[in-house]
Amino acid sequence: SRAAVKVYVKVFTNSPFLVCMDVSYAKEEVIDPKYLWTGPDGKDLEGQKYVNLTETGKLMVREFKESMSGAYTCTLSHKVIQAMTHEEREMVEAYKFMVYAYQEADHAYQVFVRYVTNKCQKEVNDGFFEELIKSLNSIVSDLKCHITEPFYKCHSIRTPEQGLLHELFISFQVNPFASRWEGICHQIPYYCEDSTNRRVEEARVRTAKFFEKQAYLLKHELQTVPAIYYLENSIAMTRINHCRPGFGKNITHKKCAACCVVCEPGTYSPNNDVTCQICARPQVKTYGATSC
């Protein structure tokens, strides 16, 4: 039997038309064709509100949701008529499509910066660090982004030019879905992740400007060097990809390698990781499970 064709449909969009025939049939005439499409639950799709079935046997699934993922099968029956005897024979062909919901990956940014400080004195540095994170949160909060996983460590560093320096090594994430992103997504269900990714890009730009400005002020405007100051050009930003709960990246989906594809039955993803985990007791029969 022929292998199932894998098809990927972005959540909330319409699927492409699935065609109930192969290339060889498409090139010749088919007599009295009848098409029977069944969905993942095995039920006939004729007359279902969420599908568009054409008279030539093409199927489109409308506003695709993760729960609609699974096997779509079409049975094509048609007649073959002998030219000499007019004898009719019924022929039956089956075509199977594995249709998967996917979303674009969500982006967050891991940011690393360094500050020069007078000494590694906990209270002073803790206070400074807290204020810094507060300032950063305030510049991205209107974008519904948050600073998450803030962390710093103080190190003493011997430098060739300036001798011994004390530096704060600071890291944090600029995260667009720390605030239970479903709330944001329900307002704009279509392409929610596109909007999320636009917001986090803007937050990334603002964060970079914040540190550029600090470097500029230190060079051009401040009369005295503050006790703790930003080390120019020390910023490094790395993009991290996340998938929504119920979605993950999977090496078996080569055609959609960068996508977050719906977790298959028997697997689940409870958080923003990029992998679907295998259920210990594989009772889960649904696509897009967020728990076992």
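Helices here are DSSP runs (H or I) of at least four residues, numbered from the N terminus. The model shown is a predicted one.

**View 1. A salt bridge inside helix H2, between Lys134 and Glu131.** Start with the helix itself, which covers residues 122-140. Lys134 and Glu131 are three residues apart in H2, so about one helical turn separates them. Their closest N and O atoms are 3.5 Å apart. That fits the salt-bridge rule, because the cut-off is a side-chain nitrogen of Lys or Arg within 4 Å of a carboxyl oxygen of Asp or Glu. Applying this rule gives a count of ten salt bridges. Glu131 is partly exposed, at 44% relative accessible area.

**View 2. Asp32 and Lys79 pair up across two strands.** Here the side chains of Asp32 and Lys79 meet in a salt bridge, with 3.0 Å from N to O. Asp32 belongs to strand S3 (residues 31-38) and Lys79 to strand S6 (residues 70-81), so the pair ties together parts that are 47 residues apart in sequence. How exposed are the two partners, Asp32 and Lys79? Asp32 is partly exposed, with a relative accessible area of 42%. Lys79 is partly exposed too, with a relative accessible area of 22%.

**View 3. Asp106 and Arg244 form a buried salt bridge.** The closest N and O atoms of Asp106 and Arg244 sit 2.4 Å apart. Asp106 is in strand S8 (residues 106-117), while Arg244 is in the loop between strand S12 (236-242) and strand S13 (247-248), so the pair ties together parts that are 138 residues apart in sequence. If you're checking accessibility, both Asp106 and Arg244 come out as buried.

**View 4. A salt-bridge network takes in Asp142, Glu202 and Arg206.** This view goes beyond a simple pair: Asp142, Glu202 and Arg206 are linked in a network of salt bridges.

**View 5. Domain 1 meets domain 3.** First, the bounds: the domain assignment splits the chain into domain 1 (5-104), domain 2 (107-241) and domain 3 (242-291). There's a UniProt record to set beside this, an unreviewed entry that lists residues 4-103 as "domain: Zona-pellucida-binding protein 1/2 N-terminal". Over residues 4-103 the chain is 51% strand and 4% helix, and the end C-alpha atoms are 22 Å apart.

Now for the interface. The C-alpha centres of domain 1 and domain 3 are 26 Å apart. Twelve residues of domain 1 touch twelve residues of domain 3. Together the two domains bury about 1,100 Å² between them, with 61% of it on carbon and sulfur atoms. Which residues of domain 1 lose the most area to domain 3? They are Tyr8, Tyr100 and Gln103, together making up 46% of what that side buries.

As for polar partners, five residue pairs are in polar contact between domain 1 and domain 3, and the salt-bridge count between them is zero. On the domain 1 side that touches domain 3, strand S1 (5-10) and strand S7 (88-103) each supply at least two residues. The largest share of that side, five residues, comes from S7.

**View 6. Two residues of strand S9, Thr148 and Cys154.** Strand S9 spans residues 146-159, with Thr148 among them. Is Thr148 buried or exposed? Thr148 is buried, because its relative accessible area of 16% falls under the 20% cut-off. The Thr148 side chain makes a polar contact with the side chain of Asn175, at 3.5 Å.

Cys154, also placed in S9, counts as partly exposed at 22% relative accessibility. Leaving out residues up to four places away in sequence, Cys154 touches Thr117, Cys120, Asn125, Glu167 and Leu168. For a sense of scale, the C-alpha atoms of Cys154 and Ile251, 97 residues apart along the chain, are separated by 40 Å.

**View 7. Ser234 sits in a loop and is buried.** The loop in question runs between strand S11 (229-230) and S12. Ser234 has a relative accessible area of 12%. What does Ser234 touch, not counting residues up to four places away in sequence? Its contacts are Phe112, Val113 and Arg114.

Key:
Residues numbered from 1 in each chain as written. Predicted model: local features only at pLDDT ≥ 70, side-chain atom pairs only at ≥ 80, totals over all residues. Heavy atoms only, no water. Buried < 20%, exposed > 50% of the residue type's maximum accessible area, 1.4 Å probe, protein only. Polar contact = N/O pair within 3.5 Å; in protein donor to acceptor, adjacent residues only side chain to side chain. UniProt positions renumbered as here; feature names shortened; annotations may be inferred. Domains from an automatic or database assignment. Contact = heavy atoms within 4.5 Å. Buried area = accessible area lost by both parts, 1.4 Å probe.
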